[in-house]
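Q: Could you teach me to read the features of a protein model, taking them one at a time?

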Amino acid sequence: MFAAVGMMLATSCSDYESDELFENETPVTFSLGLENAMGTRAISDGTGVDKLIYAVFDKEGNRVAQSDDSAEFPFEETISLVKGEQYTAVFWAQNEACSAYSISEDFTTITVNYDGALNNDETRDAFFRSETFTVKEGVSLNIILKRPFAQVNMGVTQADWQNAAYAGFEITKSSVEIKQAATTLNLVDGLVGSPVDVTFAVN
């Protein structure tokens, strides 16, 4: 009889704790956009970005939510978090066809692989953002992801271009060498590291 009563008390307590936790949670909506996605660059207008990786950490650094899936921007995601608690969310968006990027097991660091990198490769366009926030009732966060990379544009004067054309040169491809390009990006604080020299192949 005592065992049966103990089991009943344990079950009741467990149900109460679950209900209390549910009552303390509230929906949090992330409304995500891409910075200058259209019309501001010679290439890479952001329209090729169709994959989103994100993770949410509590103030102790424990990962409480994560996702790695296809996404169409602007994108909206809603999850449940505990009211009154502080969290940090990190986001990484890229072209799903690009295999140059990998994320660490703890979802905090992106590693860039430049092997076989081509010049003018739009699939390498990517965006990221870190956001720290405190959960309020039904909070909605508008977050704009920014590019971690710079686009280098090269040009010549109209006269030089015409002279090259008159001499029979038609420029259709290019290559570039970059000294000490970072290969790691910390999604939480934006710090970069592990630089290497990179040659973007003719394309």
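**Reading the sheets, turns and surface**

A: Let us begin with a single pair: Thr184 has Gly193 in E12 as its bridge partner. The model is a predicted one, in which local features need pLDDT of at least 70 and side-chain atom pairs count only at pLDDT 80 or more, while totals for chains, interfaces and linings use all residues. Residues are numbered from 1 along each chain as its sequence is written, and side-chain values use heavy atoms, with hydrogens and water left out.

Q: What does a label such as E12 stand for, and how do I know when two strands pair?

A: Helices (H or I, at least four residues) and strands (E, at least two) are DSSP runs, numbered from the N terminus, and two strands pair if DSSP finds at least two bridges between them. In general, the strands of a sheet pair through backbone hydrogen bonds, either parallel or antiparallel. Here E11 and E12 run antiparallel and are joined by two bridges.

Q: In what order do the strands of the sheet with E11 and E12 lie, and which stand at the edges?

A: The order is E6-E7-E11-E12, an open sheet of four strands with antiparallel pairing. The edges are E6 and E12, each of which has a single partner strand, so one side of each is left without a neighbour in the sheet.

Q: How is the pairing described in the open sheet of three strands?

A: That sheet has the order E4-E1-E9, and its pairing is mixed. Strand E4 (75–82) and strand E9 (140–145) are the edge strands, each pairing on one side only. From one strand to the next the twist averages 25°, where axes are lines fitted to C-alpha atoms, for helices over the stretch in contact, and angles run from 0 to 180 degrees between N-to-C directions. Strand E1 (residues 25–34) and E9 run parallel and are joined by six bridges; Ser31, for instance, has Asn142 in E9 as its bridge partner.

Q: Which backbone features should I look for in the loops?

A: Most residues other than glycine have a negative phi, and most peptide bonds are trans. A cis peptide bond, with omega about 0°, joins Phe73 and Pro74, and Pro74 is placed in the loop between strand E3 (63–70) and E4. Phe107 is not a glycine, yet it has a positive phi of about 65°; Phe107 is found in the loop between strand E6 (101–103) and strand E7 (109–112). Ser194, in the loop between strand E12 (192–193) and strand E13 (196–200), also is a residue other than glycine with a positive phi, near 50°.

Q: Is Phe107 buried or exposed?

A: The words follow relative accessible area: buried means under 20%, exposed over 50%, and partly exposed in between (1.4 Å probe, protein chains only). Phe107 counts as buried because its relative accessibility is 11%, whereas Ser194 is partly exposed at 46%.

Q: Which atom of Ser194 lies 2.5 Å from the side chain of Thr183?

A: A polar contact is a pair of N or O atoms within 3.5 Å; within protein, one must be able to donate a hydrogen and the other to accept it, and residues adjacent in sequence count only if both atoms are side-chain atoms. In this case the backbone oxygen of Ser194 lies 2.5 Å from a polar atom of the Thr183 side chain. Thr183 lies in the loop between E10 and strand E11 (184–186) and is buried, with a relative accessible area of 12%.

Q: How many salt bridges are there, and what counts as one?

A: A salt bridge is a side-chain nitrogen of Lys or Arg within 4 Å of a carboxyl oxygen of Asp or Glu, and by this rule the count comes to six. One of them joins Glu137 to Lys83, with the closest N and O atoms 3.4 Å apart. Glu137 lies in the loop between strand E8 (126–134) and E9, and Lys83 in the loop between E4 and strand E5 (86–94), so the pair ties together parts that are 54 residues apart in sequence. Glu137 is exposed at 59%, while Lys83 counts as partly exposed at 32%.

Q: Which residues do salt bridges with shared partners join into one network?

A: Glu177 and Lys179 meet through their side chains in a salt bridge (3.1 Å, N to O), and Asp197 forms a salt bridge with Lys179, the closest N and O atoms being 3.8 Å apart. Asp197 lies in strand E13 and Lys179 in strand E10, so this pair ties together parts that are 18 residues apart in sequence. Through shared partners, Glu177, Lys179 and Asp197 are joined into one network.
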